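I opened this notebook to record what I looked up in the structure, entry by entry. The entries follow the order of my reading.

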Amino acid sequence: MNAPQTMKSLSGEGAAGPERLVVIGNGMAGCRAVEEILARDPARYAITIFGAEPRVNYNRIMLSPVLAGEKTFDEIVINTPEWYVENDITLISGDAVVAIDRENQTVTSASGRIESYDRLLIATGSDPFIIPVPGKDLAGVVTFRDLDDVDKMLAAAEAGKGNGGGHAVVIGGGLLGLEAAHGMALRGMNVTVIHLMPTLMERQLDEAAGWLLKTELERRGQTILTGADTAEIMGKDGHVAGVRLKDGREIAADIVVMAVGIRPATGLAKSAGLEVERGILVDDHMVTSDPAVMAVGECVQHRGLCYGLVAPLWEMCRALADAAVGTPGGYTGSVTSTKLKVSGIDLFSAGDFSGGEGCEDIVMRDAARGIYKRVIVKENQLVGAVLYGDTADGSWYFDLLKKGEDVSGIREALIFGQAFAMGGGALADPNSAVAALSDDAEICGCNGVTKGTVVATINAGACSLDAVRSQCKASASCGSCTGLVESLLALTLGDEVKSGPKTLCKCTSFTHDDVRRLILEKTLKAIPQVMQELTWKTPDGCASCRPALNYYLLCAWPGEYVDDQKSRFVNERLHANIQKDGTYSVVPRMWGGVTTPDELRAIADAADKYQARLVKVTGGQRIDLFGIKKEDLPGIWADLNAAGMVSGHAYGKSLRTVKTCVGSEWCRFGTQDSTGLGIKTEQMTWGSWMPHKFKIAVSGCPRNCAEATIKDFGVICVDSGYELHVGGNGGIHLRGTDLLCKVATEQEALDTCAAFIQLYREQAWYLERTAPWIERVGLDHVKAALFDEPDAIARLAARFRYSQQFMQDDPWARRAAGEDAELHQHLAEFRPFPAPLATLPYTPQQKEAAE
Amino acid sequence: MIGDWIDIGPVGQISPGNARTLPVQGGEEIAIFHTMNNEFYALVNKCPHKHGPLSQGIVHGTVVTCPLHSWNISLKTGEAQGDDKGCVPTIPLRVDAGRIYLERAAIIAAQAPERAA
């Protein structure tokens, strides 16, 4: 390596005749770098460009519109053959460079051509990542990187034409994969997208925007499988025939597009001995570890980062050209933004939207128009933005972000976009902006209510959100104009606004009742959907609303809604009670508090085997084993299952226990078979999720040994039948039950119990026990709901029993069989302090052999 | 270079919104979190309040709510949020080619916080 000469050419002094610049890569980065150099000093270099593809430089990011039929290849050519000629550039296309000899400063191509250089520019770009599954080499498995790939997809679409369109499978739900899917769908194919992660484009989108995107793509007829892991690409006669997922599902395919990601193409640089980590290492002037060799584009790693987008590439090329003509400026890295090129879907993301310390999320959702906007502000600067449905302000946000401008002055109106926020000092306050609206401006789109009507309603005495809703219907339907109505209240009344009922949590302005009603009215069936349609103020909720929404959806759509484990409190996720030291307690179910010697022996064995540190009888007539490690839970459950016992749900917002006395079978005062009724009641109600925990007791006579009058549902047996009591609580606020009714038969007692539970399940707020619920709504309300209509009890009980058929599935048995095993297992164990050599059971010879 | 970072396996082992644990022999157990926004963080698995296992909490944004007494702990800084005071050590983490790496020195140095009142 002759560094002195290279240094001389770097500074430009004393160079005789043009230096020879060889560019490896005829793509966007290589050609752009050449353009930038020519613009600065056209006579400086004699330029040769090697390209692996047999064509001129084209705009690779426009391959999606070519696939979609929105553009032709000619329209995406950047540098025509004439450009190479006019600038005296020797283009060697279709002949890839295979070796670099840095000693002699030459490159060798596949055809054996050797070119010498004074300066070399590597712009080899990136290679698509191929997931190593069986069948990856079958004909019909393509990537989405160049025009040849597009041609293969177009050929598959053509072949499918007489055949119902044919089937395309895209592996990878990122930017590139979705664009490939969109293109093939427009070409008439039946497209399935397989994505490993639960959220599409998870590197660019948060869960809320990802959900909107998925919904829209599904509406357009694509099948989107998230959380789907490819096991194998199946073939027939050497050609792809389908894809099999790890969960066993199979999807037919005439073509499979692999678009799971890219990796920098560094093979050539590495074998030339240049410093390479993930990409080719370059400094701020795009110079590699060899001063005569530069690199640019997706193949490089600059300050620890590799880029796969086009904007950083332009910035790199400018820095490179500055340095290459002797006026170094330097590249300091790029902030990137993303737009999805799928027509009709507006999606933008930029910067850091992971939130966190010191970050403030500002979220705006417009359910009616399918809009989700989220900007993230930190220390008075915009640091990130995610926009779905309306990206008009994307470039403005991106500009604010890149410049790091102080946004404190427009903070309040930032989310409404540039026109609004920059509309002058007065408009920077959302209240002022609302004040500036004309009287005939529509506030509530659902009910067609204008600003004038809302203000008139407020002036006529409606001084709370609820009053406005009930009197003029503004914000009474979908609620997305709630913020506007609140602004009008503040403007019209100043401090006299009456705050409304308590909202579900700080993430929403809706109350528990609103949310429950709207889930049913708008048939909302997933947590991200509820958050979008009900204009949640946070991207993914909080520890209060997530469990509440999970319960409300579970209650509203039995058998349909898939329980969201990550929205459950730890006890319900691990089906055991967490204790102060992080271990768990385990309570097997004992129906009605009745057990057998065999069960007791199995419990004793389990307590020994898993070293329970305490065995305690509970107030609900069960046995509790304390100090069990989370790793041991599936094992202890398997043992208890084997003895016929199931989960006691002592951990859940659910039916806990049915406590009984021995009743007429044994007790000289007993009037009815309270034990038997207790067991029947528990068999009917176990496993049901509720707003809060729920306890039942059955006492065989008014002496009430089972303490039924401090339970959520209590039965007192009397000679003539059964007194049914509700709303008792033995907790912080002791509350005796209210007498609900008296019935004559066991069946009536069971039916009324089922109906009461269902009413509580459907109407109470999450984390509201029956006692405060009845205090809030009144016993009369409960009685009316159960008894006013002659068949109300039958209908409620039927809904409860329908729901129960999906719930009465022992969670312990599923875990013992291996379901959700990762919840119980450590990732790995780290042993940083190796045992001293002397303690190792190695002889010196073994140690030598081991090394 | 490699020895400074411990490979604890592929990202797919932790689903978004969940956490998994890494016991450290002779040291503090580490909790590794995967947020709904597909970011990864590692903290000592002990709430500064009463040493509750943070790995078992509900994750929202970049905060975990401790399962014992609902303290909210920042995954980015380990600081208790709101009016609560306390901090748990964070472990530098990086994701490369689909695998999670933790900084070896930080794992060894990590000490559980004193229990707050």
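**Entry 1. Tyr802(A)**

Is Tyr802(A) buried or exposed? I noted first that this is a predicted model. Tyr802(A) has 12 other C-beta atoms within 10 Å and is therefore exposed, since 12 or fewer is the cut-off for that class. I located Tyr802(A) in helix H27 of chain A. I then looked up a residue remote from it in sequence: Gly559(A) lies 243 residues away along the chain, yet the two C-alpha atoms are separated by 8.8 Å.

**Entry 2. H27(A) and its partner H24(A)**

Having met H27 of chain A, I examined how it packs. Helix H24 (residues 746–763) of chain A and helix H27 (residues 792–807) have axes that come within 7 Å of each other and cross at roughly 75 degrees. H24(A) is therefore roughly perpendicular to H27(A).

I listed the residues on both sides. H24(A) contributes Asp751(A), Thr752(A), Ala754(A), Ala755(A), Ile757(A), Gln758(A) and Leu759(A), which meet Ile793(A), Leu796(A), Ala797(A), Arg799(A), Phe800(A) and Arg801(A) of H27(A). Sorted by class, this contact has eight nonpolar, two polar and three charged residues.

**Entry 3. Nonpolar cores**

Which residues have the most contacts inside the largest nonpolar core? I found Ala168(A), Val170(A), Val256(A), Val257(A), Ile30(B) and Ile32(B), in a core of 198 residues. H24(A) gives the most to this core, namely nine residues. A further core, apart from that one, has 51 residues, including Val22(A), Ala269(A), Val287(A) and Met294(A).

I followed Ile32(B) in more detail. With its neighbours within four places in sequence left aside, Ile32(B) is in contact with Leu827(A) of chain A. In chain B, the contacts of Ile32(B) are Ile8(B), Ile14(B), Ala19(B), Arg20(B), Leu22(B), Phe40(B), Ala42(B) and Ile100(B).

**Entry 4. The two chains**

I next compiled the make-up of each chain. Chain A contains 29 helices and 36 strands. Of its 851 residues, 45% are buried. Among contacts in chain A with a separation of 6 or more, 62% join residues 24 or more positions apart.

Chain B has one helix and ten strands. Read from the N terminus, the order of its elements is β-β-β-β-β-β-β-β-β-β-α. Chain B has 117 residues, and 54% of them count as buried. Residues 24 or more positions apart supply 47% of the chain B contacts that have a separation of 6 or more.

How many residues does each chain bring to the contact between them? I recorded 35 residues from chain A and 42 residues from chain B. On the chain A side, the classes are 14 nonpolar, nine polar and twelve charged residues.

**Entry 5. Helix H2(A)**

I turned to H2 (residues 28–40) of chain A, a helix of 13 residues. From first C-alpha to last, H2(A) reaches 18 Å, close to the 18 Å expected at 1.5 Å a residue. Its buried residues are Met28(A), Ala29(A), Gly30(A), Cys31(A), Arg32(A), Ala33(A), Val34(A), Glu36(A) and Ile37(A). What do these buried residues of H2(A) pack against? I found strand S1 (19–24), strand S2 (45–51), strand S7 (119–122) and helix H10 (310–324), each in chain A.

**Entry 6. Positive phi in residues other than glycine**

I noted Thr523(A), which is not a glycine, with a positive phi near 40 degrees. Thr523(A) sits in the loop between helix H17 (512–521) and helix H18 (527–533) of chain A. I class Thr523(A) as exposed because it has 11 C-beta neighbours inside 10 Å.

His51(B), also not a glycine, has a positive phi of about 65 degrees. Its place is the loop between strand S4 (40–44) and strand S5 (58–60) of chain B. With 21 C-beta neighbours inside 10 Å, His51(B) is therefore buried.

**Entry 7. Ala272(A)**

My final look-up was Ala272(A), in the loop between helix H9 (267–271) and strand S18 (280–282) of chain A. Why does Ala272(A) count as partly exposed? The reason is that it has 19 C-beta neighbours inside 10 Å, whereas a buried residue needs 20 or more. Ala272(A) and Asp101(A) are 171 residues apart in sequence, but their C-alpha atoms are 6.7 Å apart in space. Residues up to four places away in sequence not being counted, Ala272(A) touches Ile100(A) and Arg102(A).

Methods. Residues numbered from 1 in each chain as written. Chains lettered and ligands numbered in written order. Predicted model: local features only at pLDDT ≥ 70, side-chain atom pairs only at ≥ 80, totals over all residues. Contact = placed C-beta atoms within 7 Å. Nonpolar A, V, L, I, M, F, W, Y, C, P; charged D, E, K, R; others polar. Helix = DSSP H or I, 4+ residues; strand = E, 2+ residues; numbered from the N terminus. Expected span 1.5 Å × (residues − 1). Core = buried A, V, L, I, M, F, W, Y, C linked by C-beta atoms within 7 Å. Axes fitted to C-alpha atoms, helices over the stretch in contact; angles between N-to-C directions. Parallel < 35°, antiparallel > 145°, perpendicular 65-115°, else oblique.
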